[in-house]
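Me: Got a minute to go through a model with me? I'll throw short questions at you.

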Amino acid sequence: MKFETDFRRILKKIDEINPEAYAKTRNYANGAVTQLSPYISRGVVSTKMVVAHIYALKLPYHQTEKLIQELTWRDYWQQVWKHKGDAINTDLLSPQSNVLHHEMPKSMIHAQTGIDAIDSAILALYQEGYMHNHMRMYVASVACNIGKSHWHTPAKWMYYHLLDGDWASNALSWQWVAGCNSKKKYYANQENINHFFYGTQSGTFLDESYETLPNILCPEILKETEVPQMTTQLPESHAPRIDNNYPTLLYNYYNMDPLWRKDEKANRILLLEPSFFKKDPISQKCLDFLLALRINIPDIQVYTGEFSQFQKDTKARQCVFKEHPLNKHYVGIEEPRDWIFDVGGYYPSFFSYWKHCK
């Protein structure tokens, strides 16, 4: 799967959305998913923009509700992050039970779990930077609920490789599967995987009923663990040219919006803070994807360094940035992000949030 970086081609993907087909097939390996997640995560397009397009199709509500709901999940996770902050790095609602370690199965890192569909998906993740959302749930369930890993390390491993890496969606979804951000753990057996990913495999450690699966012991193939090696090599940069007659717009890993103040004269800076990428590293493939998105923002300059050092190096006086939990140390003018619905605050469950959105 190839993800284009030209904005015109990205907008074409929005035009190709089929909400009814999405609702019927999204859980299948070849389902009519939108393939927009990398662009939403990098802030190239917003969930609000996508939903506005869906509304413009003037389809019956029952044909569009599922896709709008899934897009709203993204806003919901971001709202949780906004209001809970670093608490999303810990078990949010209740401690994860039956944890044996804080690493992850070595066989999963090396795509050798013995579950063919999962191993193929992990190899594709390494090669393409993408994994089907339903498969992400399978992988998280095997790591946390069968392999007894605490969710945090394998969640960081998946985020590292995903072009659509969004720490809120990723961390909180892993917690949802692991039962510490939901009322119960999520399990999938071999029959379920075969059905949605067109397999015929049998005799695996997942070839159990849903009644027995939560009680099985950790399989031998998942017992050996390790911490995956994850580092980000940021590009070197020099102090950018700043004209203080104009505002300085700060872009980052979560904001590569080519429409943001696009008709204004401004200094445009892609800020890559080493502390950010040390805490939550991304792969070279993800970094290359980010840098390739620069083609949509004329005259943008790259600066590698902390925000405080950027201020010292440039003496920029009018910094402007979009609100985000990772931008709290920025100093300047904070602008709001686009949300699908005007519903803010913390809700302990998605459906309590969705109720207010509806």
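Reply: Below we go through the ground rules, the overall fold, the cysteines and two single residues.

Me: Ground rules before anything else?
Reply: This is a predicted model, where local features need pLDDT of at least 70, side-chain atom pairs count only at pLDDT 80 or more, and totals for chains, interfaces and linings use all residues. Residues are numbered from 1 along each chain as its sequence is written, and side-chain values use heavy atoms, with hydrogens and water left out.

Me: How many helices and strands does the protein have?
Reply: There are 15 helices and 7 strands. Both are DSSP runs numbered from the N terminus: helices are H or I with at least four residues, strands are E with at least two.

Me: What is the radius of gyration?
Reply: 21 Å, close to the 21 Å from the globule rule for 358 residues, so the protein is as compact as a globular protein of that length. The radius is taken over C-alpha atoms, and the rule is 2.2 Å times the number of residues to the power 0.38.

Me: And what does the C-alpha trace span along its principal axes?
Reply: About 70 × 50 × 35 Å.

Me: What share of the residues is buried?
Reply: 57% of the 358 residues. Buried means under 20% relative accessible area, exposed over 50%, partly exposed in between (1.4 Å probe, protein chains only).

Me: Switching to cysteines. How many disulfides?
Reply: The count is 0, with a disulfide defined as a pair of cysteine sulfur atoms within 2.5 Å.

Me: Why is Cys-180 not in one?
Reply: Because the closest cysteine sulfur, in Cys-144, is 7.7 Å from its own, too far for a bond. Cys-180 is also buried, at 0% relative accessibility.

Me: What about Cys-218, how far is the nearest cysteine sulfur?
Reply: 12 Å; that sulfur belongs to Cys-144, and Cys-218 is in no disulfide. Cys-218 counts as buried at 12% relative accessibility.

Me: Where does Ser-141 lie?
Reply: In helix α8, residues 133-146. Ser-141 is buried, with a relative accessible area of 3%.

Me: What is Ser-141 in contact with, beyond its neighbours within four places in sequence?
Reply: Ile-146, Val-177, Tyr-186, Tyr-187 and Ala-188. Contact means heavy atoms within 4.5 Å.

Me: Last one. Is Glu-191 buried or exposed?
Reply: Exposed, with a relative accessible area of 60%. Glu-191 lies in helix α11, residues 190-197. From Glu-191 to Ser-209 is 18 residues in sequence and 8.8 Å in space, C-alpha to C-alpha.
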